[in-house]
Amino acid sequence: MFGTHYRIERKSVVLAVAIMVVASIGGLIEIAPLFTIDETVETDPNMRVYTPLELAGRNIYMREGCYACHSQMIRTLRDEVERYGPYSLAVESKYDHPMLWGSKRTGPDLARVGGKYSDQWHTAHLVNPRDVVPESIMPRYSFLRAAPLQTAHLGDDLRALRRVGVPYTDEMIANATADAAAQASPEDDTAGLVKRYGDATQVRAFDGNKDTVTEMDALVAYLQILGKLSSAAHTPPVQTAQK
Amino acid sequence: MVSGLTVNERQRALVVLAFLAILGMAMTAFGAARGDLLQMHGFVVLLFSLIVLAPVLKGYFAPEPPAERLDDYYDDPIKVGIILAMIWAVFGMGIGDWVAWLLAFPDMTFDAAWSSFGRLRPVHTTGVIFGFGGSALIATSFHVMQRTSRARLADQFSPWFVLIGYQLFCILAVSGYFIGITQSKEYAEPEWYADIWLVVVWVVYLLLYLRTLARRKEPHIYVANWYYLAFILVVAILHIVNNLAVPASFAGVKSYSAFSGVQDAMTQWWYGHNAVAFFLTAGFLGMLYYYLPKRAERPIYSYRMSIVGFWGITFFYMWAGSHHLHYTALPDWVQTLGMTFSLMLLIPSWIAAGNALATLNGAWHRVRDDATLRFMMMAAIFYGLSTFEGSFMAIRPVNALSHYTDWTVAHVHAGVLGWDALITFGAFYALVPWLWKRERMYSPVLVEVHFWLALAGTLIYVFAMWNSGIIQGLMWRTYNDSGTLTYSFLDSMIAMHPYYIARAIGGLLFLTGTLIACYNIWMTIRRPGPRAVPVGDTPLPLPANPQPAE
């Protein structure tokens, strides 16, 4: 064995190829089957997609690095389920490109934060967390309230997501900009938005101001949908595990 | 520096810089037309190319360098790489300590988007891992590949392209986070165009390495080079697969990952854990395997342990990533595989660490007297300790407690401060006098002071985070007699406050040590020593190499 190595280490290309082969095995065996084994991801025919406003909010969540302190993955442990709600299923992040499961809880898990607090609470909390929770160490995000949301190219975002597997329709892509504005403007015509994304779509002035669409609107809209795209985690596993 | 390049090489530099300037202008124009942040990054690329252009133009009309230069090693890029690494160290650790204080006193920042914790945190991680660590790895790899091959670098242009091109990647990454450009993948935050640029730089790096090895005058490739090669090759594989994405538009910064949900989680932690393995471990083991035996003037303890350690690390590490996803929606069979291989990984890790420490047998008096060698010894000890801790934390029930807590942060910093940074400082303290042809460092006392500051800082940091992590984990799972959870999340957060202050103080000590190192290195470069002869570096013709003992 060491004799063979004595010869290999005299040839740089052989050494390089050997390194690549030896290093590739683990990843191939652990990752490739995740795409082919059906049981890896549960099925949920009623799974919804993010609306353009929620998607924009998700991009702000990523831009601000929220994932560095907040996980979105409730583990299968009793205390986590009691604290945060039913443990997370793979199907719930099926349309998350990339996933935001996180790795650290400086703040609490957010996988099921949707609907837990009011819009006003979220807005006040984001403007200055210590106004609402005096001991909080979260940064202030007051600038989100003043920043108008960029919606002009949201159609491109939806199209890119469709290319990686999210079932956005042509109609959704064509109306992305208008739908983003409509979701934060309850007095406008929102019939098209609700028709495209379903009756459960939340249409509100999320930041409390119905005249403008801000980054605060988008982020709160996203936080309020967390854990609500699929109800699979709340139904008994027998119904979701088998197709 | 530029006058050492041939006219042909200077012209190649001009062509590359002109290409970058045009690329920068195009990015600015397309980005502006779309109203996208890409215009800012186009401006960064343009500015970068102009800044690098200045010294190239200044030295452009110098006479051709003499042909005798080819009889010696080519060390200019190594010198610049060391200085760049130290600049990144101060920057990255400075931001790191700032964000550490922010966790204790959240309003210790500006009321502006760029300075919020969420944007500064990847600036810290990228600054220290890729800026400091990456520049140090590139610089030392150029030194080690030449000395162990006893051959000059294959050409003079590629090393500059790799070193400076890599700086552009790091600058794009860090400036991007400040202005809000990130794809949010941990330790792989830069967007698609920066990722493509890194692939170009990396291919040139690999070719340079292989071409230099091809010129070697030693029949065998020394073990340090195996590690550097694994670092280059495997990081390339990880980087390309993890960053597969579809841009929303070629005139915009935003892209969407090719993978989603559980597959993306597995891919990201396959990348994330092996960035630890092949960036933060294999590359630095390359450093350890050269500079430690050189400084101790002892041959590597065991050739066979080198082989077993190297191939064990290369094979086992790639399976271990899934231990970051215990009890999640990742299928159990992958979690079990990840845990099993993480435990087996302890064997090659300890073989590598033990091989390094056993090399010091017969040289322990040097460890006592020479702070530079002590840096390397302490690095090997921290490497052994953190790999043990890593395998321990990969056990599922242990991970149930440690995951999501500061224990993970303690573990990471035991590795990066205690192992990566200490071996780098040890290597630099050995290298700087060799490269600048000084008898020794400007002040051995300051090296000593740096050693104790770095060690104290690391220990305070790690103990603070162990305490806070374990307390956090226990508070989250404590039940009272009536069967309900005792503590709210907020209770656990309040309990962290004193530890966060202790951690920030530990970080400050470490940063102070780094600043002292900068001063010491700078003074060594500026003041010629009494004897302008390099002591200890391997000369080209003489066979004075540390050879692995049979």
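**View 1. Surroundings of B:Phe279 in the predicted model.** Apart from its neighbours within four places in sequence, B:Phe279 is in contact with B:Ile129, B:Phe130, B:Gly133, B:Gly134, B:Leu137, B:Tyr166, B:Trp202, B:Phe231, B:Val235, B:Asn274 and B:Phe284. Two of these partners, B:Tyr166 and B:Phe231, are named together with B:Phe279 in the legend that follows.

**View 2. The largest nonpolar core, with residues from chains A and B.** This core holds 246 residues, and among its members A:Tyr168, B:Tyr166, B:Phe231 and B:Phe279 touch the most other members. Helix H8 of chain B, which covers residues 261-296, gives the most to the core, contributing 21 residues.

**View 3. The crossing of helices H3 and H12 in chain A.** The axes of H3 (residues 52-63) and H12 (residues 215-225) of chain A come within 7 Å and cross at roughly 95°; because angles of 65 to 115 degrees count as roughly perpendicular, H3(A) and H12(A) are described as roughly perpendicular to each other. On the H3(A) side, the contact is made by A:Leu53, A:Glu54, A:Ala56, A:Gly57, A:Arg58, A:Ile60, A:Tyr61 and A:Arg63, which meet residues of H12(A) including A:Glu215, A:Asp217, A:Leu219 and A:Tyr222. Sorted by class, this contact comprises 10 nonpolar, 1 polar and 5 charged residues.

**View 4. Chain A as the setting for the helix crossing.** Chain A has 13 helices and 0 strands, and its C-alpha trace spans about 80 × 45 × 40 Å along the principal axes. Of its 243 residues, 59% count as buried, while the accessible surface of chain A comes to about 10,400 Å², of which 56% belongs to carbon and sulfur atoms. Among the contacts in chain A between residues at least 6 apart in sequence, 70% join residues at least 24 apart.

Technical notes. Residues are numbered from 1 along each chain as its sequence is written. Chains are lettered from A and ligands numbered from 1 in the order in which they are written. This is a predicted model: local features need pLDDT of at least 70, side-chain atom pairs count only at pLDDT 80 or more; totals for chains, interfaces and linings use all residues. Side-chain values use heavy atoms; hydrogens and water are left out. A nonpolar core is a set of buried Ala, Val, Leu, Ile, Met, Phe, Trp, Tyr and Cys residues joined through side-chain atoms within 4.5 Å. Buried means under 20% relative accessible area, exposed over 50%, partly exposed in between (1.4 Å probe, protein chains only). Helices (H or I, at least four residues) and strands (E, at least two) are DSSP runs, numbered from the N terminus. Contact means heavy atoms within 4.5 Å. Axes are lines fitted to C-alpha atoms, for helices over the stretch in contact, and angles run from 0 to 180 degrees between N-to-C directions. Angles under 35 degrees count as roughly parallel, over 145 as roughly antiparallel, 65 to 115 as roughly perpendicular and the rest as oblique. Ala, Val, Leu, Ile, Met, Phe, Trp, Tyr, Cys and Pro count as nonpolar, Asp, Glu, Lys and Arg as charged, and the others, Gly among them, as polar. Accessible areas come from the Shrake-Rupley method with a 1.4 Å probe; for residues, only the protein chains shown count as cover.
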